Amino acid sequence: MNIKGIKNIMAVAFLGVATLCLTACDNDSSILGGSLHPDNPNPQQSTEADYDGILNKIYGNMALTGLTGPHGSSDLPSDIDEGMSVFARVVWYANELSSDEALCAWLSDAGVPEFNRGTWGDNHALLRGLYYRCMFGITLCNYFLDSAPSSIDDYSHKMAEVRFMRALYYYYLMDMFGNPPFITQVSAEAPSQTSREEIFNFIESELKDIIGEGEGSNVLAAAKSVKYGRADVVAGYMLLMRMYLNAKVYTGNERWQDARTYAEKAINSSYSLSTEGKNGYTGYQLLFMGDNDTNGAQNEIVLPILFDGELTQSWGGVFLVAGAVNADDIAAYPTGMTSNWGGIRAKPYFIQKWFPNNDAPAGTPADLKEAAGDDRCLFMTQGHELEINNEDKFQEGYGYIKFLNTHADGSETHNAEHTDYDFPLFRLAEAYLTYAEADARLNGDKVSNSGLEYIKALRKRAHANSNINVFSLQDIEDEWSREFGFEGRRRMDMVRFGNFSRSRRIWIGGTAAGGTLPDYRNVFPLPSSDLTANPNLVQNPGY
């Protein structure tokens, strides 16, 4: 991070940031189970840091942007648009709009056309927001780890959680930017640049230590023994298995056996798939609803990004509901929100995972999942066209209405303009597919019986055909898209399968005919602003 950025961030940290920085804090304090307010709430006069508050801020950095919600008093420099620096939102844009799943019609939003067209550069507004959001999170983690006294309540678990969160922020930087700056202590010195492999090794060492496989005494809590929203040991397993599954991309070395091992650890934990429906909603749909913290889906969600329509407001959750529909769509298929921005829709390749012959019927998500025989086929096709010949016309391209603000128990949403659902950053189904893919790669591209059983379990949960005896790697790549479509990870999976730069996609290059991307775009560029401020950094090749 540039020196100005460090000084700005430390000015906040040293003042003892003690809230998740939105319109109210009571919902956010429930993560830790205590008040976030020190006796004197004025940070200019507070003499002691509120470490529970700082821990909440570390988690809240994934959902929130500043001291006033849904925007205002941003954490980041003023030249970074606050609404476009929400971690959940910019991670989604970077991984979905660049992939074969989503296209966005909001061409006046800085950075959106470049993601659609594969023309992002080192001054890209959204990538810059993502980069600095991660670095801000790392700075908060470093501050906590440098200064938290052992006298704070539950010291060991909290130190381990902060190390996990720092590893998580570094993981996203490593995955998307390749060779970011690296620093593990609060300092005004310009950080040095570190290779992707070195960051991989650091994250691996940290995670192994805090899951109890190292020599350290600070370990993550047992599964489900801390409040929903906090990282436990299964979150550590999940991040390790994700790293190992992609290890060949990051380091050049395959780690399939390790990916399978840690996936199995997660599967054998007390988390379980959301299989039981409720009030007409399927077990799969419960995962993406406004009450997914209480409707049973919380048994599958290992680590969520928390939102609440009244108490945790930001644009990081709203866009996935409001952006996926127009007024006609919500009249036919209510989403629990009045907002209908009409911008995000599916590229044809995505629905072809269910209808390869482009013969999807006209209808709502309720109709399409029935026609496909798969609860995950949540497309709005009525009033929409399959082909996208106009980049800015929302009706061209099918809608994909996966995230809802409605509550499965029939209770009222907290706010019709802001979302209640928690974004599932890690959920157990990822361990099922990780095991199956790693298993196939270890067995000559053929899934063994044990791996096949996990695929069958996911398909059975979705009421899809689970009477399968053979599943190829290509089938597994498609299953990743079917199971995790629009969940902000598609680019990563395409890179691992070698298809991100190989597969032809519409609007790449700026025309409806589309094109392919060069290999160097498998990673994003470091922001030019940081290159200018930090002489230790060298730009990624190709940019």
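User: How are helices delimited and numbered here, and in which loop is Asn279 found?

Analyst: Helices are DSSP runs of H or I with at least four residues, strands are runs of E with at least two, and both are numbered from the N terminus. By that reading, Asn279 is found in the loop between helix 11 (256-267) and helix 12 (283-286). Residues are numbered from 1 along each chain as its sequence is written. The model is predicted, so that local features need pLDDT of at least 70, side-chain atom pairs count only at pLDDT 80 or more and totals for chains, interfaces and linings use all residues, while side-chain values use heavy atoms, leaving out hydrogens and water.

User: What is the phi of Asn279, and does the residue count as buried or exposed?

Analyst: Buried means under 20% relative accessible area, exposed over 50%, and partly exposed in between, with a 1.4 Å probe and protein chains only. Asn279, although not a glycine, has a positive phi of about 50°, and it counts as exposed because its relative accessibility is 58%. Asn358, also not a glycine, has a positive phi of about 55° and lies in the loop between helix 15 (348-351) and helix 16 (365-372); at 39% relative accessibility, Asn358 counts as partly exposed.

User: How many residues does the largest nonpolar core have, and which helix gives the largest share?

Analyst: A nonpolar core is a set of buried Ala, Val, Leu, Ile, Met, Phe, Trp, Tyr and Cys residues joined through side-chain atoms within 4.5 Å. The largest has 156 residues, and those with the most contacts inside it include Phe144 and Phe164; helix 7 (residues 155-177) supplies the largest share of this core, 15 residues.
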